[in-house]
Structure formats: structure tokens, C-alpha cells
Amino acid sequence: MRHIISVLVENEFGVLSRVAGLFSGRGFNIESLCVAESQDPTVSTMTIVTSGNDAIIEQVLKQLNKLINVIKVVDFKDLDYVSREMILVKVKAEERTREEILRMVEIFRGKIIDVSAKTYTLLITGDEEKLKAFLTLIKPLGIKELVRTGPIAIARGDKVIKVKEKHSEGGGEGNG
Amino acid sequence: MKKTGAQIFVESLKMEGVDTIFCYPGGATLNITDVLTDSDIHQVVVRHEQGAVHASDGYARASGRVGVSLVTSGPGATNTVTGIATAYMDSIPLVIFTCQVNTMLIGNDAFQEADIVGITRPCTKHSYLVRDGNDLAKIIKEAFYIARSGRPGPVLVDIPKDVTSNLYEFKYPEKVNIRSYQPTYVGHIGQIKRAMKEIASSRKPVLYTGGGIIASGASAELVKLAEALSIPVVNTLMGLGGFPGNHRLFLGMLGMHGTYAANMAITSSDLIIAIGARFDDRATGKVDEFAPHAKIIHVDIDPTSISKNIKVDIPIVGDSKNVLQKMIHLAEQDGGDFKDYRASIGEWLKETEQWRKDYPLTYVRNGTLKPQYVIERIYELTKGKAIITTEVGQNQMWTAQFFKFLKPRTFLSSGGLGTMGFGFPAAIGAQVAYPKSLVIDIAGDGSIQMNIQELGTAVQFKLPVKVVILNNGHLGMVRQWQELFYEKRYTWTCLECTPDFVKLADAYGAAGYVIEREDDVDVVLKEAFHNGMPTLIDVKVNPEESVYPMVPAGAPLREMLLV
């Protein structure tokens, strides 16, 4: 089962390696990973696509939460959400196909962002299904290179995934 | 007034109440060592950095305080890795300070540079590279807090040399505020009530408890709950000492080398109450057939431990002590819920008692010197009042079986990682924490050679640690597996060049003894335990002896090979 997981982390040096290391060290699978600063410059949002049975996903979520720099972990499976991914694709643009590519880009509401004598570079955004459909159609025309961001996701409606400020108490306590 | 990073380091340790540091110097530590030497902090200089971390670990396990070590960059830092991984697997609170090359040189493959934060990332609870000296005090404060709170663990702080010499404003933070780290101490009362209902309707309950009881200081509460409801108790290796080894409800250690009674109780139980234990494969045997008739309640402070290996019916995230207190309260309030339970529990106790009688821990006395006998004598001679460390292998298992641990923090052993070479430096650390206690490392002739250089530390700092070497001339546990599963082909396990341990002790200025016959055991041990010196006791035990019972790896707990 495929899951999109949003991980809010401290926007600090080394956090990405902790998250990536957790996945590799425990044999969890990362299909894609997308990370950048959120509206709060101290917080980054990582969107991770992973897969596994319920027990594995439960461990993924718990282990992510256990990392000291991870502030919040959300599995979108439990939420109504929208997700989008962006792809850049360089396709062969020969005389007989240039028109067809243009039409398809228009149908899929994409853009041509670079042109050469022999190629078009296309930008398409959409959900997984739309991108899959587009790539299926464009493939016979000759894909020279494909780069994709992996999906990012956000909850629908008023629901906001945000940092809840809490304070750990200080020094003396714990079990020391 | 501004202070150097080295001064801030020492001031911060004082603010954390650190009284002892286990250390080894190098080029990158120079600024710190030069300040530390004028402080009141006791500096135990070891002979190898692995020894420093194990010693700080032994100090932490024995005392419950955070163990602290300091080493130099590069190889000094990489030598700590085994010690850190050992502490991580057993949830021991340590802060390891490694020094690093100058900030400007990081990443340049400078002399004695190693990316120790990267290397230790998977075996630390958390780690820091101090990139700005203004953060040093805050980082030290956080490191100690993270190490000892929640599920404890090792935290590494890497300090570049220039940070130790540059000047910064020093103000030690009063509070820690880590928004992303909020351990759950208080167990959910609804879940605890469900658990108590489940206990009330059980007929064959077993308390299965581990190192979490010791970490949380919950031994008294565990005894109280077990007695209140007459529940038999089995311990993991890490849990030994968490419940008195001579208690009528104690069935012993479970697992691969557990007692017949403990493994049969688990197998027959209808309700396992797991507290501060993590269902390690050495404890569970074949996972699919672990406690096949039982529902499982699992109390643990670390949510990732719950339902990791075994599916749990009632998870309770919280501190063992907190949860046990609530359980005791509910048991004492008993409004008749436990009536049927109390009427039937005697039957179950009779059954467990019968297992204990039918198949007690035993060994064959045949005139040769048996390692089990030596451990039984150590127990009798000390009346259990000693801090015992072990190495790993047969020595560890025989100690776990034949020494009755009466109190928490008296059995220090590398349970999770299984680190040979742990016991001796750990004993040194425990002796530093408790200078007047009798501290005994029960070792093998193989494992003692893994950190034997720490004899120098013990002699220099006048730490009268006793090392009882159960010398069978083999790496006994691996030899045992070869005997049972590899047609007695003893590849690599016969150490043909074992040193003369008495001469070795003498060379270091320690005391050395040999025991070759049963009759000598009491006489020599008594003298060795009272000589006030670091001591090696070379006990020539029967090399053929194996550890039983044994559940072969991958087999269910009920399939035990007995003596």
C-alpha cells in the first residue's frame, strides 16, 4: 500500500540525513522525497512517498516521530487531501511530431519551457493519474529525459497541518 | 565576561552536576584538557577510547546518572563507536564528547578528521556538531536532557577545536525547550483500566519485564503489583535485578538460555504483561509461536517498541513506574473485579512451581571445575551484595542463570549489542561510581582480552575491580554452537595462545591468582575479594561445559535442550 507522509522537521543542518538514514537503516522504502522550507522559516516540510503493509507503515510513522528533530508526522491516508507533482520532460520534436506535442501540452495544461531544433522541454503538473496518462501518450514520440519532483500534498479544506508549540521541562527531572 | 569554549565546556559540565569524566587526550582535546585539569571533575584517563565509553556506561548503569566521556577527533572518535552502539541498544544515558578538527578544515580530509556525527547517526539517540560556539552551552544542556529523558540513550556532541579556544558569552540555559521532543511519561488511564480488566479475567498471567523497570526505577512498584495479584515474574537479561532473584514469584530469565519454568510459563500463559521489555529475538524465540495462547499488554515509554516484533492487544505508552503505580492503585481499589481471579491464581502458581521443581537450573558435578559452581560460590561468598558485570557469551549466560540478582543496577551486561570486552571497563566505571562496593567482572578468557589494556587504568586509579576469568581456552559460546550445529568442527574458537594471566596482572601491578580445583575456589576468592587491589583470577574451568537450557535459534521457547 502506497502512503504519502508529510513530515515537519526543524529546518536544520543534518536533518535530511537522519530521515534518509532511518529509512535505509531499517529497510523501509522511499519512492520519493521532496523537501523545502515551509511558511515558517524554522520548519521544513518533507513529503515522503513510501509503501508497505500496515505494520511497516506504523513503524515508519513511529520511527519518524522518534527522531529528535521531527516535529510532526502525518499520514495522508487518514485525511482528505490534494497532491500534485511536477515533471520536466525533454521530448524529441521532429517536424511531423511538433504539432502533436503542442496539442497534447495544451490538453494537459502544461507548458513548453525550452525549445531546441530537435527537442521540446515540457513542464506538466498534476496528480499521479494525470501524469501517468500524459507520459503514456508522449512516450511513443520519444522521451529523451524525464525529471520529476515526486508528489507534495496538502489537506483539503480548512484543515491545517501545523506545529503545535509545547515546552519540555528543564534540567533536573527525567529519570537521571 | 567572555569565556573560551573550553571554559564554557567545563562550566556547563559542572552545571549538569557531572562529577566524573572518562577520557583520553589528543591534539583536538588540548584546550579542554588544560582547563579540566584545574576543575573538581574526576578525570579517569583510560587506555583506549572504547574503554572510556564502556566505563562511562558502567558508571551510568550502576548509578543511574548520565555517563560522560571525552575523546579526541578522528581515530579517538571512531574508537568510541562500539561503546556508543552498546549503550544505544541497552538504552543507557551517555553523553560522548568528541573533539573535531578546526571548523575551517571540516570536510577537507584533515589530519585526524572523521565525520563522527555521520558515522554514529544510526547508533545515537541524537547528535550535535557544534558549528557556532555561542550554541555550546545550549547544546550541552540539551544533550544531557535528551540522554536521560524518555527512553534514555547516548548523545554525541562533536566540538571543533577552534570552538574550544574562541571566546563567547556564557550563560547556562535554565530550561530546555525542544518543541519536537516530548516523551510521554503518563500512561493513558483508559488503557490502564482495560489492562486491569484483562488481568482480572486472566487465569495464567505472567509479568515479563525488562530493562525499562531499571531505567525508570520501578522495581519496588513491580514487586508490589506482582505480590498484590500473585503474578509470576520472568525477566529479560536486561531486566535482571529489577525483581528480586530470590523472590517466590520469580521464575527466572526467559529466552534462549532461560529457565524451563520461565519459558513454559510464557508458552502456557493466557496473558503476558510486558513492562519495559522489547520482545527481542533472544527472549521470544520463534516469534509466531511466542505465547501462543496469550493476549499481550505492553507498557513501554518508546512507542516504536510496541507492536514492532509481536502484535500487542493493549498498548500503553508511558513510564513503567508511572503506569505501575496506577495499576497498583486500581488493584488495591478492587471492588470485587478480582474475585474469580483470586480464586484461581493458586492453581497457576502451583503449575509454575512444579516446572521450577521438575527442571531447576542445574549442571553435572563430576569432579572437574565447573564454571556454574564458581558463580554460585561468588553469590554465596558475597551474599549477592556485589555489582556484577559480565562480558558476552557463556560467562554472561551462566552469570544470568546462577547469580541471584537481588537489587536493580547490580547486574551490568551488554544485552542488546552483545559486546565482548564490555565487562571490564564497565566494572571500572561502576567502581568509580561506588568506590566502596565490591565490583566483579565475570569474564571469559576470550572476551577479557578484548579490553585487557584497561588494567592500566584500574591500577593507576586504584580501582580494586575483580575479574574472574572463566578460562576454558575457547570462545565458549561459539564453540557450543559448533558442537551442537556444526559437527564439532571447532573453527577459530580454540584460542591456543592465551597469556599467563597471573604474569600479566603482575606486569601491570595488579594481583593475579589461579584456581584449578573446586577446593581452591572459596579460599582464593575470599582472599581476592579482600586484597584491595585490581585483581585477575584465572579459573581453569572445564572446557567442555555448555550453557543449558538452550532454545536453538529460530525454535519456539518450549523446545529446550536441557542438561
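This report describes selected features of a predicted model, taking surface patches, a covered strand, salt bridges and unusual backbone angles in turn.

**Surface patches on chain A**

Two patches lie on the surface of chain A. The positive one is formed by A:K90, A:K92, A:K118 and A:K144. One of its members, A:K90, is placed in strand β5 of chain A, which runs over residues 81-92. A:K90 has a relative accessible area of 32% and is partly exposed. Membership of a patch requires over 30% relative accessible area and no salt bridge, and the 32% of A:K90 is therefore enough on the first count.

The other patch is nonpolar. A:M86, A:L88, A:I113 and A:V147 make it up, and together they have about 300 Å² of accessible area. Among them, A:V147 lies in strand β8 of chain A, residues 143-148. With a relative accessibility of 42%, A:V147 counts as partly exposed.

Helix α4 of chain A covers residues 128-142 and includes A:A133. A:A133 is partly exposed at a relative accessible area of 33%. Between the C-alpha atoms of A:A133 and A:F108 there are 9.4 Å, although 25 residues separate the two along the chain.

**A covered strand in chain B**

Strand β7 of chain B, residues 154-160, is mostly covered, with seven of its seven residues buried. Cover is found on both faces of this strand. On one side the buried residues are B:P154, B:L156, B:D158 and B:P160. On the other side they are B:V155, B:V157 and B:I159.

Which strands pair with β7(B) in the parallel sense? One is strand β5 of chain B, residues 94-100, which pairs with β7(B) over seven bridges. In that pairing, B:I96 has B:L156 as its bridge partner. Another is strand β6 of chain B, residues 126-129, which is joined to β7(B) in the parallel sense by four bridges. Here B:L129 has B:D158 of β7(B) as its bridge partner. Both of these partners in β7(B), B:L156 and B:D158, are on the list of buried residues for one side of the strand.

**Salt bridges**

Over all chains, the structure holds 34 salt bridges. Three of them are listed below.

| Salt bridge | Closest N to O distance |
|---|---|
| A:E128 and A:R2 | 3.2 Å |
| B:K370 and B:E545 | 2.9 Å |
| B:R479 and B:E483 | 3.0 Å |

The side chains of A:E128 and A:R2 meet in a salt bridge. This pair links distant parts of the chain, with A:E128 in helix α4 and A:R2 in strand β1 (residues 2-10) of chain A, 126 residues apart. A:E128 is partly exposed at 41% relative accessibility, and A:R2 is also partly exposed, at 35%.

B:K370 and B:E545 form a salt bridge in chain B. B:K370 is in the loop between α15 (339-358) and α16 (371-382), while B:E545 is in the segment after β20, so the bridge ties together parts 175 residues apart in sequence. B:K370 is buried at 3% relative accessibility. B:E545 is buried too, with a relative accessible area of 11%.

How far apart in helix α20 of chain B are B:R479 and B:E483? They are four residues apart, which means a separation of about one helical turn. B:R479 counts as buried at 2% relative accessibility, whereas B:E483 is partly exposed at 25%. Elsewhere, B:K286, B:E289, B:R558 and B:E559 are joined into one network by salt bridges that share partners.

**Unusual backbone angles in chain B**

Most residues other than glycine have a negative phi, and most peptide bonds are trans. Chain B has some exceptions to note.

B:S230 is not a glycine, yet its phi is positive, near 50°. This residue lies in the loop between α11 (219-229) and β10 (233-235) of chain B. B:S230 is buried, since its relative accessible area is 18% and the cut-off for buried is under 20%.

B:R409 also has a positive phi, near 65°. Its place is in the loop between α17 (394-402) and β16 (411-412) of chain B. At 22% relative accessibility, B:R409 counts as partly exposed.

Finally, the peptide bond from B:Y548 to B:P549 is cis, and its omega is near 0°. B:P549 belongs to the segment after β20 (535-540) of chain B.

Key:
Residues are numbered from 1 along each chain as its sequence is written. Chains are lettered from A and ligands numbered from 1 in the order in which they are written. This is a predicted model: local features need pLDDT of at least 70, side-chain atom pairs count only at pLDDT 80 or more; totals for chains, interfaces and linings use all residues. Side-chain values use heavy atoms; hydrogens and water are left out. Patches are made of residues with over 30% relative accessible area and no salt bridge: like charges are joined within 9 Å, nonpolar side chains (Val, Leu, Ile, Met, Phe, Trp, Tyr) within 5 Å. Accessible areas come from the Shrake-Rupley method with a 1.4 Å probe; for residues, only the protein chains shown count as cover. A salt bridge is a side-chain nitrogen of Lys or Arg within 4 Å of a carboxyl oxygen of Asp or Glu. Lys and Arg count as positive and Asp and Glu as negative; His and the chain ends are not counted. The place of a charge is taken as NZ of Lys, CZ of Arg, CG of Asp or CD of Glu. Helices (H or I, at least four residues) and strands (E, at least two) are DSSP runs, numbered from the N terminus. Buried means under 20% relative accessible area, exposed over 50%, partly exposed in between (1.4 Å probe, protein chains only). Two strands pair if DSSP finds at least two bridges between them.
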